[in-house]
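Please open the model in your viewer and keep the sequence panel beside it, since this tour moves from one selection to the next. At each stop, select the residues named and then read what is there.

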Amino acid sequence: MTMKRTLAIAAVAAVCALAVLSGAAHATYGGATNGRIAFGMNVNGNTDVYTALPGGQDLRRLTTDAGFDACAAYSADGRRIAYCSGQGGGPVQVWTMKQNGTDKQQVTHMSGVAIFPDYSPDGSEIVFAAQPAGATARNIYVVPSDGGTPQQLTTVGNNVYPAFSPDGSKIVFTSNRTGTSQVYVMNADGSGQTQLTSDPQPKDQVPDWSPDGSKIAYLADTHGISDVTQSWGDIWVMNADGSGQHPITHDATYYGTAWSPDGSRIATMDMPTRTNYTVNAADGSAPQAVHPGGLQFVPGWQPRGTGAGDEDDG
């Protein structure tokens, strides 16, 4: 089912400056049930991290500072969230907090913006994209999840939107090193960087692994230019080795991908309306809005539980 929205593009352009911070990498992991969905949402002019059940019930606000808070990604056990935040002053950095919004900790202290975090499966590291002051491009770094010295993994082109594979051995990301943003994969230590897609459509926010690690979902731009102008397009899925590339939506206006823990749904954002939806992971059908209010940003999906008890425990 094709999802189209008709809100004025001018409304989208008004938040263009925030769009480059709207996503999060967020590898998902197998679970008996689907957890909560976390996403940035602008309410009354302030963007904070919220969570809700996939059907939109039990909306909770996790951040309240005056800075920009989005890019939410859960840890593999579902107990912590990594996110990008401007709460410390200066450029937006990677922070973490408990899944109930307590125990906020700043992880990175880069001289430039650090965004799109994702936890390693064992929770020991966070991978993210950053552009330190004076750098001419964004690159992918990894840092201990409790802070420390970041290690740079990429060096050529703009490299963004990283996500660990469920077994922790690989990182998927996008890079424009060949002139058009495409999906790449590398070993967790940065070695073996391999291009998986090569068609003319630029790839954008945000690639994600299926819970069993056998497939990768990604966004192919059919509107705009990746990382430059407002953009949206169709969700594609491929095998983890790059084979079997195929769209699951057609003529859609989506942005971002986040796989549900049971593998049945993919969360995404409809760009013209800035509203998050979930769709059938097999064929993109049955779109369901997660929450109707606010100007929303690309979602992340909690890897376990129903969200009731898990969201409250420490």
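## A tour by selection

Begin by selecting Cys 71 and Cys 84, which are joined by a disulfide with an S to S distance of 2.1 Å; bear in mind throughout that this is a predicted model. A search of the whole structure finds one disulfide, and with 70 degrees about the S-S bond the link of Cys 71 and Cys 84 is right-handed. Cys 71 lies in strand 4 and Cys 84 in strand 5 (residues 80-85), so the pair ties together parts that are 13 residues apart in sequence. Cys 71 counts as buried because its relative accessibility is 0%, and Cys 84, also at 0%, is likewise buried.

Next, select Ile 235 and Ile 266, which touch the most other members of the largest nonpolar core, a set of 28 residues. Several strands each supply at least two residues of this core, among them strand 4 (69-74), strand 8 (114-119), strand 12 (159-164) and strand 17 (215-223); strand 18 (232-239), strand 20 (254-259) and strand 21 (265-270) do so as well. In soluble globular proteins, nonpolar side chains tend to be buried together.

Stay with Ile 266 and display its surroundings: leaving aside residues up to four places away in sequence, the residues that Ile 266 touches include Ala 217, Ile 235, Ile 248, Trp 259, Tyr 277, Val 279 and Trp 301. Thr 257 and Thr 278 are also among the contacts of Ile 266.

Now turn to the backbone and select Gln 205 and Val 206, between which the peptide bond is cis, with omega near -10 degrees. Val 206 is found in strand 16 (residues 203-209).

Two loop residues come next. Asp 58, in the loop between strand 2 (46-52) and strand 3 (60-61), has a positive phi of about 55 degrees although it is not a glycine. Asp 58 is partly exposed, with a relative accessible area of 36%. Then select Ala 286, which sits in the loop between strand 22 (275-280) and strand 23 (288-289); its phi is near 55 degrees, again a positive value in a residue other than glycine. Ala 286 counts as partly exposed because its relative accessibility is 36%.

Finish by selecting Lys 98, in strand 6 (residues 93-98), together with Ser 75. Which distance separates Lys 98 and Ser 75 in space, C-alpha to C-alpha? Lys 98 and Ser 75 are 9.7 Å apart in space by that reckoning, and 23 residues apart in sequence. Lys 98 is partly exposed, with a relative accessible area of 24%.

Methods. Residues numbered from 1 in each chain as written. Predicted model: local features only at pLDDT ≥ 70, side-chain atom pairs only at ≥ 80, totals over all residues. Heavy atoms only, no water. Helix = DSSP H or I, 4+ residues; strand = E, 2+ residues; numbered from the N terminus. Buried < 20%, exposed > 50% of the residue type's maximum accessible area, 1.4 Å probe, protein only. Core = buried A, V, L, I, M, F, W, Y, C linked by side-chain atoms within 4.5 Å. Contact = heavy atoms within 4.5 Å. Disulfide = S-S within 2.5 Å.
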